[in-house]
Amino acid sequence: MKGGSALKRALCGSGAIAPNVPAPALVRVSCSVRAKITSCKRLVRSPTIFAPKEIANKWSVAYRPGMDDQTTSKHRFVEKRSLGAHPKSDESLIGFVARLAERQRVQTVNTVFVEIGPSVANNRFYDEPAARLAHLAGTTVDAIRTISYGPVDSSVAVFRGRKLPAKMLDVFARRYRRLCPRCLEESAHHRCWWDVQAISVCPIHKLALIAACPKCKKGFVWKGSGVLTSSCACELDLRGLACAAVTDDESAATGVMHGLLGDPRFQDEANQIKSLPPLSDLDDGHAAEFLFRLGLDLLGPRRKPFSASTTGDLLFRTHEAVKASCDVVKSWPNQLIDIQSAWAASDDPEVCKHAQKSAAAMQRWVNHLPPDQGLDLRDFI
Ligand SMILES: [Zn+2]
Ligand SMILES: [Zn+2]
């Protein structure tokens, strides 16, 4: 085997292998192993080197079967490359896979997805793919299911135990990838909050989430591996990017949304708003959904009033929407009555139509609430 005898001589010289021990089967190893075999200076410069399998395993780095091992490529990661990586408590599934891809030294997130089952990147899967990802990462299936946004093929997503319309989340990881550079500085993982369409600011740092490269203006997407580098050709370190500041009120309203969606840091804020009508008898998921749907309507006429879909620039203004709906809840129901009256009396036919459509759509949504929820809302409509 080419290179094997050279490595054996080098390893014997460095004391890694006793000279009188028969040479073990040698396998091709990665750059990182090369770097770690510091005594093998001549081999570090070689494009391909080989090392005993035990040494490659000991360093827990990418060992690629294939030179002396006929393992086929399908699921070889699962069989060979468990790394002991666990999701963070507020990490998104796609972010975890991206981080894992970087640890595995594979080029893209999609490479991992092809290996584990769903051939395209997404943010929710349970069954076999979850088991394979757990095996690959060296974690539990439950840990994967906890960060998944629910079972596939459903219009309802599950986010930290709360049922939400799938449209409220970036379920398929196809929308702009948003992030807070200061949060990434503190911990290099993609927060699940950034996948929620109702969250467009970071309430910790009071900054607008950034979704595009400031240099080439391309939106960030899930491409390549890792979570710290921009997906465009600029390959910027995301931690160094500047973000626009937001007002204290907008930040606080997004904090309420964090709390309703299970962020323990904002539980008090969530409890406070949930003590008020009309949210007092709604569960956390429905309360968050109501604030989001109503808030988007308060920003002005839109194609589908009271819907959970964000089109155009609305995606980047959801913190304004949530702030507006929190204000309405704090003075329930008077402020909303005034707003709806003003819409109905407007000279702009578009606004008048918006008033009617919004009220009708809210009524339909309330009618579908569980019977023990939404009593104040039923009184209002
Ligand atoms: Zn932040
Ligand atoms: Zn760029």
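**Asking why about helices 14, 15 and 16**

In this predicted model, residues 24 or more positions apart account for 61% of the protein's contacts with a separation of 6 or more.

User: How many helices and strands does the protein have?

Analyst: Its secondary structure comes to 17 helices and six strands. Buried residues make up 40% of the 381 residues.

User: How do you know that the length of helix 14 agrees with what a helix should span?

Analyst: Good one to work through! Helix 14 covers residues 318-330, and at 1.5 Å a residue its 13 residues should span 18 Å. Its end C-alpha atoms are 18 Å apart, so the two values agree.

User: What makes helix 14 "mostly covered"?

Analyst: A residue is called buried if 20 or more other C-beta atoms lie within 10 Å of its own. In helix 14, 11 of the 13 residues are buried, among them His319, Val322 and Cys326. The buried residues of helix 14 pack against strand 5, helix 11, helix 12, helix 13 and helix 15.

User: Why are helix 15 and helix 16 called oblique to each other?

Analyst: Let's set the angle beside the cut-offs. The two helices pack at about 135°, with their axes 7 Å apart. Roughly perpendicular stops at 115 degrees and roughly antiparallel needs over 145, so helix 15 and helix 16 are oblique.

User: Which residues make that contact?

Analyst: Helix 15 brings Gln340, Trp343 and Ala344, while helix 16 brings Val351, Cys352, His354, Ala355 and Ala359. Six of these contact residues are nonpolar, two are polar and none is charged.

Methods: Residues are numbered from 1 along each chain as its sequence is written. Chains are lettered from A and ligands numbered from 1 in the order in which they are written. This is a predicted model: local features need pLDDT of at least 70, side-chain atom pairs count only at pLDDT 80 or more; totals for chains, interfaces and linings use all residues. Helices (H or I, at least four residues) and strands (E, at least two) are DSSP runs, numbered from the N terminus. The expected span of a helix is 1.5 Å times one less than its number of residues. A residue is buried if 20 or more other C-beta atoms lie within 10 Å of its own, exposed if 12 or fewer, and partly exposed in between; C-beta atoms are placed from the backbone. Two residues are in contact if their C-beta atoms, placed from the backbone, lie within 7 Å. Axes are lines fitted to C-alpha atoms, for helices over the stretch in contact, and angles run from 0 to 180 degrees between N-to-C directions. Angles under 35 degrees count as roughly parallel, over 145 as roughly antiparallel, 65 to 115 as roughly perpendicular and the rest as oblique. Ala, Val, Leu, Ile, Met, Phe, Trp, Tyr, Cys and Pro count as nonpolar, Asp, Glu, Lys and Arg as charged, and the others, Gly among them, as polar.
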